[in-house]
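Here are a few short exercises to work through with the model open beside you. Take them in order, and try each task before reading its solution.

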Amino acid sequence: MGVRTSGMLSVGEVARRTGLTTKALRHYDRLGLLVPAAVSDDGYRWYDEVQLRTARLIARLRALEMPLDAVRAVLAGDDARPILERHRIVLQARSDRVHGALHALDHLMHDERGVTMATDDATPTLPTDQRALAVQLFNDTWTLLEKEGRTPEDDLLMIHTAHASRLHWEGVGDDQHRAIGEWQVARVYSTLGRAEPALFHSERALELAARPGVDDWLLASTHEGLARALAVAGDLETARDVRDRALTLLEGISDPEDRKIVADDIDTLPIP
């Protein structure tokens, strides 16, 4: 006896109503992620109406670039929040890495020597002074921020490198270096979801950035950092106000490249 398909949905119909492709639906069937309710004698897949909800959830999660193992865990009924939080860390690291690459590319494009600077022979050397240590530790921290799949040990190391960079700038830097250092420490804690230290260091960064002699872009940047920390703390109303202040301060940044860098950071704020 053939399979009864009356009232059921074909692969094409499910694809049209969920945004998934027919190829993806067949792939999810093979993986056991979304198995059709029935397969007719001629090999056609048929789905129940109630399966549309699952298909739409898969489509939404995949649109967020969530890996299939994580999607499977959500569908299995696991607590979705920690799964989403882990995936957000991965996406944030990817965003930071792309942002850093764009920043470096902008510098390369505007360097007087042009792309020839990329072919210069240079032998890497270990830093031998406090300023060089501050710079290297700052860069090490960004490398960790941009690392997808950071381990708890990486997170701890990232905290240490950020604080170590800030400590070295205390001795050899000025208010601008100290503000940037505090901003980075706050960024690390915001990325790790630790609101209290993120707020403390972002407020300290803002205080330093408001002092005379500091570049105009840094005040907008430190407002972005404070907005990020407030969002992590769950104070979205104040976070929006501070973000709006950062956007206003963008207009006062004289250098267009600096303005773009800060604007890109503001765009990544986790504020709905």
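**Exercise 1. Work out what share of the chain's contacts with a separation of 6 or more comes from residues 24 or more positions apart.**

Solution. Start with the pairs whose separation is 6 or more; residues 24 or more positions apart account for 60% of these contacts. This is a predicted model, so the numbers here are computed from predicted coordinates. Next, set that share beside the secondary structure: the chain has twelve helices and three strands.

**Exercise 2. Find how many of the residues count as buried, as a percentage, and what the chain exposes.**

Solution. The chain has 272 residues, and 40% of them count as buried. Turning to the surface, about 15500 Å² is exposed. Carbon and sulfur atoms supply 55% of that area.

**Exercise 3. Decide whether E65 is buried, partly exposed or exposed, and describe its phi.**

Solution. First locate E65: the loop between α3 (51-63) and α4 (68-75) holds it. Its relative accessible area is 47%; partly exposed covers the range between 20% and 50%, so E65 is partly exposed. Now look at the backbone: E65 is not a glycine, yet its phi is positive, at about 65 degrees. Most residues other than glycine have a negative phi.

**Exercise 4. Identify which residues form the negative surface patch, and place D255.**

Solution. The patch consists of D174, D215, D216 and D255. Of these, D255 sits in the loop between α11 (236-250) and α12 (256-267). Patch members need over 30% relative accessible area. D255 has 32%, so it passes that cut-off while being partly exposed.

Note on methods. Residues numbered from 1 in each chain as written. Predicted model: local features only at pLDDT ≥ 70, side-chain atom pairs only at ≥ 80, totals over all residues. Heavy atoms only, no water. Patch = residues over 30% accessible without salt bridge, like charges linked within 9 Å, V, L, I, M, F, W, Y side chains within 5 Å. Areas by Shrake-Rupley, 256 points an atom, 1.4 Å probe, with all protein chains shown as cover. Salt bridge = Lys/Arg side-chain N within 4 Å of Asp/Glu carboxyl O. Lys, Arg positive; Asp, Glu negative; His and termini not counted. Charge placed at Lys NZ, Arg CZ, Asp CG, Glu CD. Helix = DSSP H or I, 4+ residues; strand = E, 2+ residues; numbered from the N terminus. Buried < 20%, exposed > 50% of the residue type's maximum accessible area, 1.4 Å probe, protein only. Contact = heavy atoms within 4.5 Å.
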